[in-house]
Amino acid sequence: MEQLSAKALRDRIAAGETSSVEATEAILSRIEDVDPALGAYISTHREMAMERAADVDRRVKAGEPVGELAGVPVAVKDNMCTTFGATTCASAILKDFHSPYNATVVEKLLAADAVIVGKTNMDEFAMGSSTENSALRRTVNPWDGARVPGGSSGGSAAAVASRLCYAALGSDTGGSIRQPASFCGVVGLKPTYGRVSRFGLVAYGSSLDQIGPITRSVADAALMMNVIAGRDAADSTSVDETIAPVCDYLEKLAIPVEGLKIGVVSEFNAGADEPVREALGEAIGVYEGLGAEVVEIGMPRLDYAIAAYYVIATAEASSNLARYDGVHYGHRSERARDYVKVYTKSRAEALGKEVKRRIMLGTYALSSGYYDAYYLKALKVRNLIRGDFTEAFRKCDCIMMPVAPTTAFGIGEKVDDPLTMYLSDIYTIAANLAGVPAISIPCGFDGNRLPIGLQIISPAFTEDRLLAIARMFERQTDWHKAEPTVSGGH
Amino acid sequence: MDKKIDQEQVRKVARLSRLELTEAEVEEFTGQLGAILEYVEKMNELNTDGVEPLAHCLAVSNVFREDIVEESLGTERALANAPQQDGEFFRVPKILDGGSGA
């Protein structure tokens, strides 16, 4: 049963051919077996999950209508607010925080009758590329326990790859859905900025953050988009559907894109390791075999994306994270004797190093005397980078490039060198700066049998086409069917 | 070599960030932030004269709603996560008299 897609499982449950109780019990016991070593989940919610599963089964039996994810066990990253359990952001400062409301995406999952089994590990406040910055637990790569799962949505990607849920939500500020999806050999979609409500997503870089699905197949990503996409009055940056209508992504999937033009930036892609470049070349070859045309495009400002990103994202973070003050919620230092020390000691005690580093960097970039040189400059560079995309999409339907320059790296390899860690985000960051959608799909393995992802980027609000393009590849290949050998009790 | 940021500046930024740093952290962050800032200056290779700053990819503007009272969180739920509260207010140490100020 674990081999079924989310869509197939849903349809079987809705038809009464299998029960959600059975599917949910199987997932929960697999988590109990496998997750102590894998570390994908920060919390699981057995009682609630089993109750919801039983309720779905009861409604199916009674002939009542059930939702698009009826009875399907799913997971959400622990930076999305839930009224059940804690919402920790993998931070000591929020480890006991209980949200008074659900994030809109959580409400939508519940309204679609999904069974949320748990909340997944991540880099603290989504700041990181390896999930090593979690203050609460360590997640390993399902394909090699000595390597990182990627980050920051490493728990969601590891859980999906290891069959510890049928689908998950992640969030992506600079690659945090796509890079772990690539490292773990699953599908990860960062939608267009504004496509999915951010209400109840704990903010990191508000002009860049976007929630999206991590799944085992492109079709399941489309199914998840059907559930989570759309305007939300509670998030004024979610886009009005009269401007950019949502559609049935699953239905559009079946339609291959005729006369597909693929944009490639050869010089930029040359920076990736050889196995990654080879897999990219072969993947593009598959599309050419389907009649696609490859167009060389110039995107001269892509090379400046990391520099602009680490100014803009940290500036926004320094402001967003000012709310952790030891007063309203979260950790308060017991050593604070006066009001200012409540701030400085509470934050010092309960925020991790990378979070402090980014708050400091952002504060510096926004501070008097440096604002123009760093922050304002970065916003101008961002505009140029968006211009590169606008220009490119005049010549092609989508751009293909690596997701990351390497496959999964070793645990501990980059933790002491933040700049090197940042540089590993080179291929994912630009899509966030430009606000355009991008997907990572499995496209091969390196010599150590570590998964490689293919990144496809398309114009704003064309997720339907992006998914259809990804599906064209998936139909021709078996990479997405490969499974890691996860050791457990069975 | 011209250092991008020195320990004194790091201490100042820590104060602005409301973070108490140990001496070891000051030293570590000075080196790391210096390296990051040096990298970031790569942006100066690009001529951005006449380029508008782009703070946000969407053409966002203020969103207004009708001025009607709607349900809100309520005192009890708003205070539920507070480290210290008295049922009505968040509690903090004295701000005046003996506070160290900013």
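**Notes on a predicted two-letter model, chains A and B**

1. Let us start at B:L96, which is exposed, its relative accessible area being 66% (exposed means over 50%, buried under 20%, partly exposed in between, with a 1.4 Å probe and protein chains only). The model is predicted, so to speak of local features a pLDDT of at least 70 is needed and side-chain atom pairs count only at pLDDT 80 or more, while totals for chains, interfaces and linings use all residues; side-chain values rest on heavy atoms, without hydrogens or water. Residues are numbered from 1 along each chain as its sequence is written, and chains are lettered from A and ligands numbered from 1 in the order in which they are written.

2. Where does B:L96 sit? You will find B:L96 in the segment after α3 (75-79) of chain B. Together with B:V92 and B:I95, B:L96 makes a nonpolar surface patch of about 290 Å². Such patches take residues with over 30% relative accessible area and no salt bridge, joining like charges within 9 Å and nonpolar side chains (Val, Leu, Ile, Met, Phe, Trp, Tyr) within 5 Å; areas are from the Shrake-Rupley method with a 1.4 Å probe, and for residues only the protein chains shown count as cover.

3. Next, please look at the sheet of chain A. This open, mixed sheet has 11 strands, in the order β1-β3-β2-β4-β6-β5-β10-β11-β9-β7-β8. At the edges are β1 (41-44) and β8 (293-296) of chain A, each pairing on one side only. From one strand to the next the twist averages 30 degrees. Strands here are DSSP runs of E with at least two residues, and helices are runs of H or I with at least four, numbered from the N terminus; two strands pair if DSSP finds at least two bridges between them.

4. At the β1 edge, β1(A) runs antiparallel to β3 (residues 115-120) of chain A, and 3 bridges join them. A:Y41 has A:T120 in β3(A) as its bridge partner. Helix α2 (residues 20-38) of chain A packs on the sheet and touches β1, β2 (73-77) and β3 of chain A, its direction making about 20 degrees with that of β3(A). Helix α4 (residues 104-111) of chain A also packs on the sheet, touching β2, β3, β4 (167-172) and β6 (210-215) of chain A, at about 150 degrees to the direction of β3(A). Contact means heavy atoms within 4.5 Å, and the angles, from 0 to 180 degrees between N-to-C directions, use axes fitted to C-alpha atoms, for helices over the stretch in contact.

5. Strand β5 (residues 187-190) of chain A is worth a pause. A:V187 and A:L189 point one way from β5(A), A:G188 and A:K190 point the other way, and all are buried. Side chains alternate between the two faces of the sheet in a regular strand. Antiparallel pairing links β5(A) with β6(A) over 2 bridges, where A:V187 is partnered by A:T215. β5(A) also runs antiparallel to β10 (residues 438-445) of chain A, with 3 bridges; there A:G188 stands opposite A:S440.

6. How many salt bridges does the structure hold over all chains? There are 32, each a side-chain nitrogen of Lys or Arg within 4 Å of a carboxyl oxygen of Asp or Glu. One of them joins A:D55 and A:R58 at 2.9 Å, N to O. Both residues lie in helix α3 (residues 46-61) of chain A, 3 residues apart, about one turn of the helix. A:D55 is partly exposed at 29%, and A:R58 is partly exposed at 46%. A network of salt bridges links A:D55, A:R58, A:R59, A:E64 and A:D113.

7. Two further pairs may interest you. In A:R335 and A:E349, the closest N and O atoms are 2.9 Å apart. A:R335 is in the loop between α11 (305-320) and α12 (339-350) of chain A and A:E349 is in helix α12 of chain A, so the pair ties together parts 14 residues apart in sequence. In chain B, B:E23 and B:R11 form a salt bridge, again with the closest N and O atoms 2.9 Å apart. This pair links helix α2 (residues 23-40) and helix α1 (residues 7-16) of chain B, with B:E23 in α2, B:R11 in α1 and their positions 12 residues apart.

8. Finally, some backbone details. A:D113 has a positive phi of about 70 degrees although it is not a glycine; A:D113 lies in the loop between α4 and β3 of chain A and is buried at 8%. Omega is about 10 degrees in the cis peptide bond between A:G151 and A:S152, and A:S152 is in the loop between β3 and α5 (154-161) of chain A.
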